[in-house]
Amino acid sequence: MRTLTVDAADLAYGDAAPVLRGVAVQARPGELLAVTGTSGAGKSTLLSAMAGLLTPRSGAVSVDGVPLAGRDHAMGLGVVLVPQDNGLASILTAAENVAVAVLATGGSPADARRYSAETLDAVGLSAQTDQLVDELSGGQQQRTAIARGLALRGGVLLADEVTSELDAANRQKVLELLRAEAQRGAVVVLATHDPEAAASCDRELHLADGAASWVRG
């Protein structure tokens, strides 16, 4: 089981002023951690750093005490990111998007087929497996991206606004799937502006004015 630690990190893009200063948080296996804040507060920035996409200007982000050295390194340590823009390939079907990700991370063709079918069924898309991403609604695309993240079975799952386009029933289904990931021992971090989704998590880290503070911690 993994532990994800952000230690006194200043997070910035290029030479711009830091978006966040002095962020310190440890995300533990078996729990759901919500990262909340208004649009532009830095939720995606923090998850980008946790995913190895953004190197802190100062401080560090580490998994099990190993500082992240880029996205490939983070993926090798089992850090899975479901990005806000879903990151799906529009020329592939829902099933192919999931399968390609499994193959790219070392899974066998049999694993790819099985995990694709299982996770798309779990998010309620078993009837859309062979549809191109461009043919799916925004909510269906979001659920496909979630299925892809679940299929990778990482030790750390970072989910950025993954319920924003979902109706109440599908939002609840996704939150239950994230809870199941935590129960199998994964670290799960959910960035959200949805108070109800945040309330379903075990702890809540709120971002405002460039700083992070615990609402529930």
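# Worked exercises on a predicted model

Buried residues account for 52% of the 217 residues in the chain. The model is a predicted one, and the exercises below walk through it from the overall fold down to single side-chain pairs.

## Exercise 1: The overall build

**Task.** Find how many helices and strands the chain has, and decide how its radius of gyration compares with the globule rule.

**Solution.**
- Step 1. Start with the secondary structure, which comes to seven helices and ten strands.
- Step 2. Turn to the radius of gyration, which is 17 Å for the chain, close to the 17 Å that the globule rule gives for 217 residues. The chain is therefore as compact as a globular protein of that length.
- Step 3. Add the extents: along its principal axes, the C-alpha trace spans about 45 × 35 × 35 Å.

## Exercise 2: A strand and its neighbours

**Task.** Is strand β8 largely enclosed or open, judging by its buried residues? Work out which strands pair with β8, and in which sense.

**Solution.**
- Step 1. Take the residues of β8 (residues 187-191): five of the five are buried, so the strand is largely enclosed by the rest of the structure.
- Step 2. Sort the side chains by direction. Val187, Val189 and Ala191 point one way from β8, while Val188 and Leu190 point the other way, and all are buried. This fits a general pattern: in a regular strand, side chains alternate between the two faces of the sheet.
- Step 3. Look for the partners. Strand β3 (residues 32-36) runs parallel to β8 and is joined to it by four bridges. Strand β7 (residues 156-160) also pairs with β8 in the parallel sense, over five bridges.
- Step 4. Pin the register with one residue pair from each partner: Val35 has Ala191 as its bridge partner in β8, and Ala159 stands opposite Leu190.

## Exercise 3: An open sheet

**Task.** Give the strand order of the open four-stranded sheet, and name its edge strands.

**Solution.**
- Step 1. Read across the sheet: the order is β2-β1-β4-β5, and the pairing is antiparallel.
- Step 2. Pick out the strands that pair on one side only; these edge strands are β2 (20-27) and β5 (66-67).
- Step 3. Check the contact between β1 (residues 4-11) and β4 (residues 58-63), which run antiparallel and are joined by five bridges. Within this contact, Asp10 has Ser58 as its bridge partner in β4.
- Step 4. Step back to the start of the chain. Met1 is found in the segment before β1, and its relative accessibility of 79% makes Met1 count as exposed. The C-alpha atoms of Met1 and Glu31 are separated by 12 Å, with these positions 30 residues apart along the chain.

## Exercise 4: Salt bridges

**Task.** How many salt bridges does the count come to? Locate the partners of Arg171, Arg179 and Glu181, and judge how exposed each residue is.

**Solution.**
- Step 1. The count comes to nine salt bridges.
- Step 2. Arg171 meets Glu196 in a salt bridge, at 2.8 Å from N to O. Glu196 belongs to helix α7 (residues 195-199) and Arg171 to helix α6 (residues 168-183), so this pair, 25 residues apart, links distant parts of the chain. Glu196 is exposed, with a relative accessible area of 54%, whereas Arg171 is buried at 18%, under the 20% cut-off.
- Step 3. Arg179 forms a salt bridge with Asp202, and their closest N and O atoms are 2.9 Å apart. Asp202 lies in the loop between α7 and β9 (203-208) and Arg179 in helix α6, so the pair ties together parts that are 23 residues apart in sequence. Asp202 is partly exposed at 36% relative accessible area, and Arg179, at 22%, also counts as partly exposed.
- Step 4. Glu181 meets Arg184 in a salt bridge of 2.9 Å, N to O. Arg184 counts as partly exposed at 35% relative accessibility, while Glu181 is buried at 8%.
- Step 5. Finish with a network: salt bridges that share partners join Arg28, Glu31 and Arg203.

## Exercise 5: A cavity

**Task.** How many cavities of 30 Å³ or more does the structure hold, and which residues line the largest cavity?

**Solution.**
- Step 1. The structure holds one cavity of 30 Å³ or more.
- Step 2. The largest cavity has about 40 Å³ of space.
- Step 3. Its lining is made of Val82, Pro83, Gln84, Asn86, Gln142, Ala145, Asp160, Glu161 and Val162.
- Step 4. Sorted by class, the lining of the largest cavity has four nonpolar, three polar and two charged residues.

Conventions:
Residues are numbered from 1 along each chain as its sequence is written. This is a predicted model: local features need pLDDT of at least 70, side-chain atom pairs count only at pLDDT 80 or more; totals for chains, interfaces and linings use all residues. Side-chain values use heavy atoms; hydrogens and water are left out. A salt bridge is a side-chain nitrogen of Lys or Arg within 4 Å of a carboxyl oxygen of Asp or Glu. Helices (H or I, at least four residues) and strands (E, at least two) are DSSP runs, numbered from the N terminus. Buried means under 20% relative accessible area, exposed over 50%, partly exposed in between (1.4 Å probe, protein chains only). On a 1 Å grid over the protein atoms alone, a cavity is a set of points where a 1.4 Å probe fits but cannot get out, and a pocket is an open set with protein on both sides within 12 Å along at least five of seven lines; lining residues have an atom within 4 Å of a point. Grid points are joined across faces, edges and corners, and a volume is the space filled by probe spheres set on the points. Ala, Val, Leu, Ile, Met, Phe, Trp, Tyr, Cys and Pro count as nonpolar, Asp, Glu, Lys and Arg as charged, and the others, Gly among them, as polar. Two strands pair if DSSP finds at least two bridges between them. The radius of gyration is taken over C-alpha atoms; the globule rule is 2.2 Å times the number of residues to the power 0.38.
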